[in-house]
Amino acid sequence: MTLPALLALLTVVSMAGFFAGRARAIAAAGGDARRLHSLPNFHGWSAALSLFVPALAAVALWHYFAPESEVSAAKLVSVLGLGIAGALAMVLTTGQDTRARNRIEALLKAVLILCSLIAIATTLGIVLSMLFQTGNFFSQYDWTRFFFGTTWKPDFRGNSDLGFLPLLWGTLYVSTIALLVAVPIGLFAAIYMSEYASPRMRGIAKPMIEMLAGIPTIVYGLFALVTVGPLLRDWVASPLGLGESGSSVMTAGLVMGVMIIPFVSSLSDDIINAVPQSLRDGSLAIGATRSETIRQVVIPAALPGIVGAILLATSRAIGETMIVVLGAGAAAKLSLNPFEAMTTMTVKIVSQLTGDTDFTAPETLVAFALGLTLFVLTLALNIIALIIVRKYREQYE
Amino acid sequence: MTNTPANPAIKGSLLMPDLRTMARNRAEARFRAYGLAAVLVSMTLLAVLLISIFANGASAFRQTYVTIPVELTEAKLDKSGTRDLAVMKKVTTLGYAKVIAASLEAALKDKGIPVEGLSAKDIAAILSEEAPASVRDRVLADPTLIGQTLEFRLLVGSRVDGYFKGRVTKEEAAKDNKVKPEQLALADALTAAGMMKTSFNWAFITAPDASEKRPEAAGLGVAVIGSAYMMLVVLFLSLPIGVSAAVYLEEFAAKNRFTDIIEVNISNLAAVPSIVFGILGLAVFINFTGLPQSAPIVGGLVLTLMTLPRIIIPARAALKAVPPSIRDAALGVGASKMQSVLHHVLPLAAPGILTGMIIGLAQALGETAPLLLIGMVAFVRDYPGLPLEGLFDPATALPVQIYSWTQRADPAFVERASGAIIVLLAFLLVMNAVAIILRRRFERRW
């Protein structure tokens, strides 16, 4: 008998347990289900689960400690015996007042709690796995050399320079250009849509701008690679003598800016809408024009929220991978020329962890240190942004 | 006479705006124009993005084929004459290439198409390297074909194909060492003779990836299956887990520190860069648990962890939108808290939850970065098996396939990558449309 067959058998036997438990409960109430504390089905579930759960646990333990594809007769008998004993104990003690519903609901609630704990487990998994490997990395490579090194030259034969600063510079440079594109456009779009646009215009424009956020980043990456990169090279960089590279900080920054427009505009739009109408009415009543009201009343009132939105967009830009992989290039450089190819933390995580990797070499492990730095950086931005936005929301609620 | 005051500082008529008011009104108009410009710029950028992708990729759905009678000579393909598969497999694609080249030449002579300036090798080179392989597969599948002369529809090489799509011109061909202008002229002659045709490219969607040298044969088959398997995993895991977590947090959890930690955690996870989830998958699922690289199951698990917070948040909003009177009524007629949630609140919130789920799935479908780290970039030509075993077979995914194609040198792969994006966007469009329809049809305003 194979494992799937055993599981199927267990399910069938549990179903029998369900009907036994149900029948027993109705019999205990003298045939009148109304006199039971719990509905008959709860008794049924209770019997079925007291069969299935211990048996399944036994199978799982067995499979973990002594894995075998065939299920022996001894194993079959003991697993089934355990399950049936459990069910029998449950069925035999069933009476009119047995709290079967409470039992089932407590179990269900435990399952619900378990499911919501997965979020914490994920965070822990991220932090622990990266901390562990980062520890390994720093035992082989001096941390001051990593954080303050200005050259990035990995060499799998050993003796590499793994300086973090060129990567940080590339990341910040690309993100800054992206924000310079996204913040004015996003903010003005949000202002226009919340203060000026007719409901019809809003109904068309808002979903279209949000579509920008729904497009996968690989699409932007390809757009940067085949359209924007060559365009900038042939029309701007080359004539100005600033470089001959299609992939550059400017390419990646501009395209990324387009991608994060909706992150700025959506959140700012919500926040501007949350500013109480009375503030606007007051300002208009003393003779201010609409733009004066917006600039001098609405925006200051919404400023903390807008700052939060920009911080969230920043964290999105720093963590973005595909656009920079395809648009920014792979050369780690500390340069001011935006038309030169530079690289970012995320690009290097990808390049150090794809292909043949050796998880004892510092050249591979450095990716975990980069990942942890990226995680901490974005987490800090997110938390600050969330605190600001939350505080602000409460102010007007 | 005019009412305009000589000195603008002196108040004039209310009907005539003074200079300062006019300046303020102009500022107002300017400000408004900036806003409108921002909206229009965003919409234009969206349009430019989509148009550029479609312009580059639409041609991937058409492919040039040449149809010629191929004589499957026994002397070349099965010298023993026994039709023994083991013996026949010894004839490689090179052997088939010779047979096809001979047939092509015969067909040209038959139609009276001149071939001046082209060696026999050049003539054969207009065909794809995939062509002999496809003939060989068909013969090995049915050895009785040997000795017959059959019509075969053969793939044409990527340069000649590009010529028909406008990507390659005769001037460029003169400089390109992979194709000669004379070959393109021959292709024109073949088209005029009705032997060469460009038709819809089903193979692009169904065929597996092909090597660097034959972009004309590269397809999305394995990637589509891989993505579908991953979406299955994400759906089966994240729907129950996400809904359970949302129900607990929204309906049962007490307002305390513990609940607060979970909530902050979830909203932070939703904003963690996706590549970090790739590192997690590599460290936990591949290095620690020992699951195979490039397997859809690992990709599915990583995407599940990434999608969960993005499902929990809208699911909670949907639950919150169900008015308390529903819960009160259920409790009032004697339902337990759990019954009121499972029997009444959850079904009423279902459309909202499903909408969030579909949008979460759509995001997961387009995600690339984490999959790069768990080895989905591998070159896979074999279709994965059926689930559940197939979940552990190597596969690629749609977005990752696009990425791998961008990394190849031949410009024909840019067309393939853009075409693949059209397929990806079509899937996303369908999913989002379903979400919108669900919301329109079942959304209730209380």
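How many of the residues of helix 18 (residues 398-406) of chain B are buried? The legends below start there, and everything in them comes from a predicted model.

**View 1. Helix 18 of chain B is mostly covered.** Here is the answer to the opening question: 9 of the 9 residues of this helix are buried. They are B:Leu398, B:Pro399, B:Val400, B:Gln401, B:Ile402, B:Tyr403, B:Ser404, B:Trp405 and B:Thr406. Their packing partners come from both chains. Chain A supplies helix 8 (217-240) and helix 12 (322-327), while chain B itself supplies helix 11 (221-252), helix 16, helix 17 (369-373) and helix 19 (412-442).

**View 2. B:Leu348 sits in helix 16 of chain B.** This helix runs over residues 337-366, and helix 16 is also one of the elements that the buried residues of helix 18 of chain B pack against. B:Leu348 has 17 C-beta neighbours inside 10 Å, so B:Leu348 counts as partly exposed; a buried residue would need 20 or more. Leaving aside residues up to four places away in sequence, B:Leu348 touches B:Val322 and B:Ile326. For a sense of scale, look across to B:Gly95: the two residues are 253 apart in sequence, and their C-alpha atoms are 66 Å apart in space.

**View 3. Chain B, the setting for the first two views, has 19 helices and 3 strands.** Its C-alpha trace spans about 95 × 85 × 40 Å along the principal axes. The radius of gyration of chain B is 32 Å, whereas a compact globule of 446 residues would have one near 22 Å. Of the 446 residues in the chain, 43% count as buried. Take contacts between residues at least 6 apart in sequence: in chain B, 77% of them join residues at least 24 apart.

**View 4. Chain A and chain B meet in a contact that takes 67 residues from chain A and 66 residues from chain B.** On the chain A side, helix 4 (residues 100-140) gives the most, with 19 residues. Sorted by class, the side of chain A that touches chain B has 44 nonpolar, 19 polar and 4 charged residues.

**View 5. Helix 2 (residues 40-65) and helix 3 (residues 73-92) of chain A pack with their axes 8 Å apart.** The angle between them is about 150°, which is over 145 degrees and therefore makes the two helices of chain A roughly antiparallel. Helix 2 of chain A passes helix 3 of chain A in a right-handed crossing. Contact residues on helix 2 include A:Ser46, A:Ser50, A:Leu51, A:Pro54, A:Ala58 and A:Trp62; those on helix 3 include A:Lys75, A:Val79, A:Gly83, A:Ala87 and A:Met90. Counted by class, this contact has 15 nonpolar, 4 polar and 1 charged residues.

**View 6. Helix 10 (residues 277-285) and helix 11 (residues 290-319) of chain A cross at roughly 155°.** Their axes come within 10 Å, and the crossing angle means that helix 10 of chain A is roughly antiparallel to helix 11 of chain A. Here too, the crossing is right-handed. Helix 10 of chain A contributes A:Leu279, A:Arg280, A:Ser283 and A:Leu284, and helix 11 of chain A answers with A:Thr293, A:Val297, A:Val298 and A:Ala301. These contact residues divide into 5 nonpolar, 2 polar and 1 charged.

How values were computed
Residues are numbered from 1 along each chain as its sequence is written. Chains are lettered from A and ligands numbered from 1 in the order in which they are written. This is a predicted model: local features need pLDDT of at least 70, side-chain atom pairs count only at pLDDT 80 or more; totals for chains, interfaces and linings use all residues. Axes are lines fitted to C-alpha atoms, for helices over the stretch in contact, and angles run from 0 to 180 degrees between N-to-C directions. Helices (H or I, at least four residues) and strands (E, at least two) are DSSP runs, numbered from the N terminus. Angles under 35 degrees count as roughly parallel, over 145 as roughly antiparallel, 65 to 115 as roughly perpendicular and the rest as oblique. A crossing is left-handed if the near helix is turned anticlockwise from the far one by less than a right angle, and right-handed if clockwise. Two residues are in contact if their C-beta atoms, placed from the backbone, lie within 7 Å. Ala, Val, Leu, Ile, Met, Phe, Trp, Tyr, Cys and Pro count as nonpolar, Asp, Glu, Lys and Arg as charged, and the others, Gly among them, as polar. A residue is buried if 20 or more other C-beta atoms lie within 10 Å of its own, exposed if 12 or fewer, and partly exposed in between; C-beta atoms are placed from the backbone. The radius of gyration is taken over C-alpha atoms; the globule rule is 2.2 Å times the number of residues to the power 0.38.
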